[in-house]
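Trainee: Could we go through this structure together, one question at a time?

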Amino acid sequence: MTTLSENLATIQQQITAAQTRFQAAQTVTLCAVSKTQSAEVIRAAYAAGQTVFGENYVQEALQKQADLEDCAIAWHFIGPIQSNKTQPIARHFDWVHSVDRLKIAQRLSDARPPERGPLNICLQVNISEEQSKSGASGDELLELALNIKQLPNLQLRGLMAIPAPCHTFEEQRDQFRQVRALFDHLNAQGLQLDTLSIGMSNDFAAAIAEGATLVRIGTAIFGARVRVTPSDSATKGP
Ligand SMILES: *Cc1c(COP(=O)(O)O)cnc(C)c1O
């Protein structure tokens, strides 16, 4: 597993380099996106010092969490949320990044065991306005955020976005700048958000330049994923 620990070290160096280059003073958390990766691979990354992991598919994640119960891992749910999966998500994750409607937030709050403390929430925002992509639009964001802030077992922490793929660094920055503007707008309204979850393997430097506090990186750490159908019934790893 030398390669895995080398990849993690390289990404950390690239994060630091981007912070220096763009004078980005914020702390940047690396979330290792481990969808389709086995529990053994996650354990190796954990042994190399990585403690924050992101998962997209509920059934796949629950199995790996059970195998890794002895590890002090912070589990982030970053995939699309079906309303019939809110209960296991609320029980077994520390963070959820992909909340884009009130009904899902209410179900997560209802299902969160209070003794686990509030579930950390990021609202997913759709800045590319593509109908195929999930995420709340900028217009509905403030009302959604104010409503979610009222829910007892959730803590609203920030925004998440997955922009449409861009060709140039400047185009990437333009998209992330729009997310940052929404984030600043919500904070100007008193929301007290501290998390901007933007940036993946191909665009995390641009995201850091625009204020990312958490980057979600899979491929650059674990290598290319074997393609799986995005469904809980077809999530066998390579
Ligand atoms: C898969 C995924 C990532 C990681 O993407 P890479 O390009 O492999 O780094 C990040 N965020 C979300 C929401 C994902 O689904």
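Mentor: Sure. A residue is near a molecule when one of its heavy atoms lies within 4 Å of it. This is a predicted model, where local features need pLDDT of at least 70 and side-chain atom pairs count only at pLDDT 80 or more, while totals for chains, interfaces and linings use all residues. Residues are numbered from 1 along each chain as its sequence is written, and side-chain values use heavy atoms, with hydrogens and water left out.

Trainee: How many residues in the shell around the ligand are charged?

Mentor: Asp, Glu, Lys and Arg count as charged; Ala, Val, Leu, Ile, Met, Phe, Trp, Tyr, Cys and Pro as nonpolar; the others, Gly among them, as polar. The ligand's surroundings include Lys35, Arg216 and Arg225. Alongside five nonpolar and four polar residues, the charged ones number three.

Trainee: How far is the polar side-chain atom of Thr219 from an oxygen atom of the ligand?

Mentor: A polar contact is a pair of N or O atoms within 3.5 Å; within protein, one must be able to donate a hydrogen and the other to accept it, and residues adjacent in sequence count only if both atoms are side-chain atoms. Asn56 has a polar side-chain atom 2.7 Å from a ligand oxygen. For Thr219, the distance is 2.5 Å.

Trainee: Is Asn120 buried or exposed?

Mentor: Buried means under 20% relative accessible area, exposed over 50%, partly exposed in between (1.4 Å probe, protein chains only). Asn120 has 12% relative accessibility, so it counts as buried.

Trainee: Which side chain makes a polar contact with the side chain of Asn120?

Mentor: Contact means heavy atoms within 4.5 Å. Not counting residues up to four places away in sequence, Asn120 touches residues including Trp95 and Gln155. Its side-chain polar contact, at 2.9 Å, is with Arg157.
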